[in-house]
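Trainee: I have a structure open and would like to go through the terms people use for it. Could you help me set each label against its definition?

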Amino acid sequence: MDNIISNNPYLDFLRYSLHENAKLPESASRIDWDKLLDFGTRQSIRGVLLYGIKKLPADGPHPTFPQLKRWLKTSIAIKTTNIQVYRDAVTLSQCFHKETGGESVVMKGQANALRYPDPYIREPGDIDLWTTATTKQLIRWAHSHDPKGSVEYHHVDLNTLATPVELHYVPSFMGNLFYEWRMRQWFKKEKPRQFGNKAVLPDGLGEIGILEPSFDCIFQLSHMMHHFFFEGIGFRQVIDFYYLLSAMPEDDGSIMRTVRRLNMRKFTATVMYVLREVLGLPDDKLLCEPNEKIGTLFLHELLSAGNFGYHDSRYNFRGLSRWNQYKLETRRNLHFAKEFPAEVVFGRPIARFWHAAYKFWLSSSVD
């Protein structure tokens, strides 16, 4: 096992926080609770860690009262934001249906939060909505509410609610154009089955559409893979996937068949390593045999990059021009070229130019 796992009390405590009946690890006596909060902030998982703190045994180590006040203040802020994002997701879904007659599903975010043991502990981000509308219909609808909404490669931004919104033409994309074409064909085939699944929100906040679990599995893998090669990801996305797989019904092998067809098998085995060795996902819930070698690399990247790479001291994409982002991304990804050549060598360096051209065409072709 990687030395970083066996000697990291914060990873031990994260695992303890995820398992209801887990025994407090011996390494808890070495925890600096302020540093644990810093770790949770970098990874956007403070609510999850506080869930662990709340179940600490009375005779074990605890944060001091001033430290606990900081944790509880954070918890209140996370819950307040979650309530707002839930409400905005309902408002957005209802508005889209009322004005277009179409249906929608919320991807990631608040849909994932519903799988947590407490639906208010996941740190929320924006709202990702996938709809039955065509690409141009969706852009026109978005611009009728927000004329300045940025048209991106696979979504259009909407900034009329308290929560930022991404309205998706397709759920996700890949760096390799051949495998992205396959993914888009798969999305198109599976799309009709995704708009009849409703989830009831807590405390009477309403309901939202959510993805069917096996589709959600492929989508979230592709989303993690994209961000891993772009700017980095942290533990929040991996914990989302942990709870998704924990609740998944038994699969007939169709998920891994799709994973292989989309060339995500090696990345999936990489994620499985962290899910099993760090988060403690049981073997019967894993999608495939973990890859320890690349999984160790992936774990180091998770710890170094933080949530969406925002805390990565090695690479800083913020404020850079598109061209400088491209150069930095290419240089960063060369570290993964041996293991993921289709994405790093034959994919993203080429696809970036196609992305720019497609975005320009979309922006100029919609009235």
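Mentor: Gladly, and let us begin with lysine 108. Lysine 108 has a relative accessible area of 14% and is therefore buried, since buried means under 20% relative accessible area, exposed over 50% and partly exposed in between, with a 1.4 Å probe and protein chains only. Please keep in mind that this is a predicted model, where local features need pLDDT of at least 70, side-chain atom pairs count only at pLDDT 80 or more, and totals for chains, interfaces and linings use all residues. Residues are numbered from 1 along each chain as its sequence is written, and side-chain values use heavy atoms, with hydrogens and water left out.

Trainee: Where is lysine 108 found, and what is notable about its phi?

Mentor: Lysine 108 sits in the loop between strand E1 (104-107) and helix H6 (109-113). Those names are DSSP runs numbered from the N terminus, with helices (H or I) of at least four residues and strands (E) of at least two. The phi of lysine 108 is positive, about 55°, although the residue is not a glycine. Most residues other than glycine have a negative phi.

Trainee: Aspartate 203 has a positive phi of about 55° too, and is not a glycine. Why is aspartate 203 called buried or exposed?

Mentor: Aspartate 203 has 62% relative accessibility, so it counts as exposed. Its place is in the loop between strand E5 (198-200) and strand E6 (207-209).

Trainee: What makes proline 124 count as buried or exposed?

Mentor: Its relative accessibility is 19%, which is under the 20% limit, so proline 124 counts as buried. Proline 124 lies in the loop between H6 and strand E2 (127-131).

Trainee: Which residues does proline 124 touch, leaving out those up to four places away in sequence?

Mentor: They are Ile78, Thr81, Asn82, Val85, Gln110 and Arg236. Here a contact means heavy atoms within 4.5 Å.

Trainee: Let me turn to the interior. What makes a group of residues a nonpolar core?

Mentor: Such a core is a set of buried Ala, Val, Leu, Ile, Met, Phe, Trp, Tyr and Cys residues joined through side-chain atoms within 4.5 Å. The largest one here has 81 residues, and those with the most contacts inside it are Phe13, Phe235, Phe241, Leu275 and Leu279. Helix H9 (residues 213-230) gives the largest share of this core, nine residues. Apart from it lies another core of 33 residues, among them Tyr86, Ala111, Leu138 and Leu201.

Trainee: How do you know whether phenylalanine 13 is buried or exposed?

Mentor: Phenylalanine 13 has 0% relative accessibility, so it counts as buried. It belongs to helix H2 (residues 9-18). Not counting residues up to four places away in sequence, phenylalanine 13 touches Leu24, Ile31, Trp33, Leu36, Leu49, Gly52, Ile53 and Leu56.

Trainee: Why are methionine 183 and isoleucine 294 called buried or exposed?

Mentor: Methionine 183, in helix H8 (residues 177-190), is at 0% relative accessibility and so counts as buried. Isoleucine 294, in helix H13 (residues 292-305), is at 5%, so it counts as buried as well. Beyond residues up to four places away, methionine 183 touches Ser172, Phe173, Met174, Ser222, Leu262 and Met264. With that same exclusion, isoleucine 294 touches Lys266, Thr270, Glu339 and Phe340.

Trainee: Now for the whole protein. How do you know that its radius of gyration agrees with that of a compact globule?

Mentor: The rule is 2.2 Å times the number of residues to the power 0.38, and the radius is taken over C-alpha atoms. For 367 residues a compact globule would be near 21 Å; the protein has 21 Å, so the two agree. Along the principal axes, its C-alpha atoms fill a box of roughly 65 × 50 × 45 Å.

Trainee: How many helices and strands are there, and what percentage of the residues count as buried?

Mentor: The protein has 16 helices and six strands, and 57% of its 367 residues count as buried. As for contacts with a separation of 6 or more, 70% of them are between residues 24 or more positions apart.
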